[in-house]
Amino acid sequence: THIACGEQHTVAVTHQGTIASWGAAEFGQLGQGPDVGVDLTHPKVVKGTRNAHYVHAACGSAHTIALTASGQVYSFGQGTFGALGLGDEENRCDPTPVK
C-alpha cells in the first residue's frame with residue numbers, strides 16, 4: 001500500500017490496487033465524482049478504480065495524480081495552472097487519463 005497527503009486530503013493505494021480517499025472535497029481532489037458534495041471523514045474507495053490496478057499516488061495541495069501498473073497516469077482535483085496535465089485549467093472530480 002501507499003499513502004499520500006495533500007493540503008487537506010489524503011489518498012491511499014490499497015493492496016488490491018484501488019484508491020481510497022478522504023478529507024476536503026472542494027475541488028474534486030478526492031476523485032469521488034460530482035455528487036460527493038461534502039468532505040469525507042473516513043476513507044472511501046474511489047469509483048472506477050476497481051478496474052485498474054493502481055500502484056502509486058501523489059498529491060498536490062488540491063489535486064491527485066495516480067499511476068497504474070500498466071503505466072497509465074490519471075489525475076483529478078484542482079486544475080489551476082494546468083496542474084492535472086490535461087491541457088486546460090478545469091477541475092476534475094473523477095480520475096481522468098493523462099494523455
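How far is the sulfur of Cys 93 from the closest cysteine sulfur, and in which residue is that neighbour? Hold that thought, everyone, and hello.

First, the ground rules. This is a predicted model, where local features need pLDDT of at least 70, side-chain atom pairs count only at pLDDT 80 or more, and totals for chains, interfaces and linings use all residues. Residues are numbered from 1 along each chain as its sequence is written, and side-chain values use heavy atoms, with hydrogens and water left out.

Now back to the cysteines. The sulfur of Cys 93 lies 16 Å from the closest cysteine sulfur, in Cys 59, so that is too far for a bond. A disulfide here means a pair of cysteine sulfur atoms within 2.5 Å. For Cys 5, the closest cysteine sulfur is again in Cys 59, at 6.8 Å, and that is also too far for a bond. By this rule, the count is zero disulfides.

As for accessibility, buried means under 20% relative accessible area, exposed over 50%, and partly exposed in between, using a 1.4 Å probe and protein chains only. Cys 5 is exposed, at 53%, while Cys 93 is partly exposed, at 25%.

On to the strands. Strands are DSSP runs of E, at least two residues long, numbered from the N terminus, and two of them pair if DSSP finds at least two bridges between them.

One open sheet has four strands in the order β1-β2-β3-β4, with antiparallel pairing. Its edges are β1 (2-5) and β4 (40-45), each with a single partner strand, so one side of each has no neighbour in the sheet. The twist from one strand to the next averages 15°; axes are lines fitted to C-alpha atoms, and angles run from 0 to 180 degrees between N-to-C directions. Within this sheet, β2 (residues 9-13) and β3 (residues 19-23) are antiparallel partners over five bridges, and Thr 10 sits opposite Trp 22 in β3.

Another open sheet, also of four strands with antiparallel pairing, runs β5-β6-β7-β8. Here β5 (54-59) and β8 (92-97) are the edge strands, pairing on one side only. Strand β7 (residues 73-77) joins β8 through three antiparallel bridges, and Gly 77 has Arg 92 in β8 as its bridge partner.

Let me finish in the loop between β7 and β8, where you will find Phe 81. Most residues other than glycine have a negative phi. Phe 81 is not a glycine, yet its phi is positive, about 65°. Phe 81 also counts as exposed, at 77% relative accessibility. Thanks for listening!
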